[in-house]
Amino acid sequence: QEQLVESGGGLVQAGGSLRLSCAASGIIFSYDVMGWYRQARGKQRELVATITRAGSTNYADSLKGRFLISRDDAKNTVYLQMNSLKPEDTAVYYCNAWRYGRNYWGTGTLVTVSS
């Protein structure tokens, strides 16, 4: 029914920028919280950023100032603008959405940052 599909991943050089998108389909109500997580090879999945329905944002401390999360409920889409990318940002990025205690996940998009 409800699905999240990420897009925008790819290969980028260090210092470059990338914009990820996560489009939701099959929904009637917008999500209370939407966010991005990432999982690097050999590591656990970690929080990147979240944004509430009201627009309140939360970022991993190490990413503040480089990444920007936003949402457009009219398009049922959440974005992640990634700037000044570093090789350590290489990971699979997952879209997450929450509503009424239910958690939804996308299947991920790979971001590779070369040095």
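Modeller: Let's start from a working rule: two strands count as paired when DSSP finds at least two bridges between them. Keep in mind that this is a predicted model.

Biologist: Gladly! What makes S3 and S8 a pair?

Modeller: Strand S3 (residues 18–25) and strand S8 (residues 77–82) are joined by six bridges. The rule asks for at least two, so S3 and S8 pair, and they run antiparallel. For one bridge to look at, take Cys-22, whose partner in S8 is Val-78.

Biologist: Which sheet do S3 and S8 belong to?

Modeller: An open, antiparallel one of four strands, in the order S1-S3-S8-S7. The twist from one strand to the next averages 15°.

Biologist: Why are S1 and S7 called edge strands?

Modeller: Strand S1 (3–7) and strand S7 (67–72) each have a single partner strand, so each has one side without a neighbour in the sheet.

Biologist: And what makes S11 a partner of both S2 and S9?

Modeller: The bridge count again. Strand S2 (residues 10–13) shares four bridges with S11 in the parallel sense, with Val-12 partnered by Val-113. Strand S9 (residues 91–99) has three bridges to S11, running antiparallel. Each pairing meets the minimum of two, so both stand. On the S9 side, Tyr-93 is opposite Thr-109 of S11.

Biologist: Which residues lie on the covered face of S11?

Modeller: Thr-109, Val-111 and Val-113, while Leu-110, Thr-112 and Ser-114 make up the uncovered face.

Biologist: How do you know that Cys-22 and Cys-95 form a disulfide?

Modeller: Their sulfur atoms are 2.0 Å apart. The cut-off is 2.5 Å, so the pair qualifies. A search of the whole structure finds one disulfide. The link of Cys-22 and Cys-95 is left-handed, with -85° about the S-S bond.

Biologist: What does the pair tie together?

Modeller: Cys-22 lies in strand S3 and Cys-95 in strand S9, so the tie is between parts 73 residues apart in sequence. Both cysteines are buried, which means that each has under 20% relative accessible area.

Biologist: Which residues have the most contacts inside the largest nonpolar core?

Modeller: Trp-36, Leu-80 and Tyr-93, in a core of 29 residues. Among the elements giving two or more residues to this core are strand S4 (33–39), strand S5 (46–52) and S9.

Biologist: What does Tyr-93 touch?

Modeller: Leaving out residues up to four places away in sequence, its contacts include Leu-20, Trp-36, Val-48, Phe-67, Leu-80, Met-82 and Val-111. Touching here requires heavy atoms within 4.5 Å, so each of these residues comes within that distance of Tyr-93.

Terms used: Residues are numbered from 1 along each chain as its sequence is written. This is a predicted model: local features need pLDDT of at least 70, side-chain atom pairs count only at pLDDT 80 or more; totals for chains, interfaces and linings use all residues. Side-chain values use heavy atoms; hydrogens and water are left out. Axes are lines fitted to C-alpha atoms, for helices over the stretch in contact, and angles run from 0 to 180 degrees between N-to-C directions. Buried means under 20% relative accessible area, exposed over 50%, partly exposed in between (1.4 Å probe, protein chains only). A nonpolar core is a set of buried Ala, Val, Leu, Ile, Met, Phe, Trp, Tyr and Cys residues joined through side-chain atoms within 4.5 Å.
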